[in-house]
Amino acid sequence: RSLAEYKALILELEKGEEIWERYIDPRAGGSKAVTEDGGTTLIDMLDDGETPMHFQPAAGIRIEQGVALINDGFSYDMNQDITPLNKPKLYISESCQNLIYCLKEWTGADGEKGATKDPIDCLRYLMVMNPIYQGGDAMQSWGGGSY
């Protein structure tokens, strides 16, 4: 696929949602590519053109550290009832069937080339960036006093 095709696919998958941030693999996104204008990164190329898309490079930490964050997100005391204080921090939507499959199958034994590694990488990047939910009124200003 071309860069324009990837942008169109991303926009189609986002279905008109307001996107606050997009993350990209820090090595792939930051790698220099040779163009007619000289060297540029994939992040720069995505942010260019008729439909600019801004991506933040995800934090580049070791795979094991990211996997630990995923495991921490799923953890809770299974011997206790689920309560607001005892529940997982990470939930996966049932519509994310590929990710669910990969979470069940990926072991890391196949190194950097594993068939189920890419969706795990995406989840690792997300967990490393520690996202928080922003409701519709998150950026709304409120009246108040003055200085």
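## A buried pair in H6

In this predicted model, Lys117 and Asp121 are both buried (under 20% relative accessible area with a 1.4 Å probe, protein chains only; exposed is over 50%, partly exposed in between). They sit in helix H6, four residues apart, or about one turn (helices are DSSP runs of H or I, at least four residues, numbered from the N terminus). Their closest N and O atoms are 2.6 Å apart, making a salt bridge (a side-chain nitrogen of Lys or Arg within 4 Å of a carboxyl oxygen of Asp or Glu). Arg124 joins Lys117 and Asp121 in a network of salt bridges.

## Other salt bridges

Glu14 and Arg22 pair up at 2.8 Å, N to O. Glu14 is buried at 13% relative accessible area, and Arg22 is buried too, at 16%. Arg62 bridges to Glu64 at 3.2 Å, but Arg62 is exposed, at 55%.

## The nonpolar core

The largest nonpolar core has eight residues, including Trp106 and Met127 (such a core is a set of buried Ala, Val, Leu, Ile, Met, Phe, Trp, Tyr and Cys residues joined through side-chain atoms within 4.5 Å). H5 and H6 are the elements giving two or more residues to this core, and H6 gives the most, with three. Another core, apart from this one, has five residues, among them Ile24 and Phe55.

## Basis

Residues are numbered from 1 along each chain as its sequence is written, and side-chain values use heavy atoms, without hydrogens or water. Local features need pLDDT of at least 70 and side-chain atom pairs 80 or more, while totals for chains, interfaces and linings use all residues.
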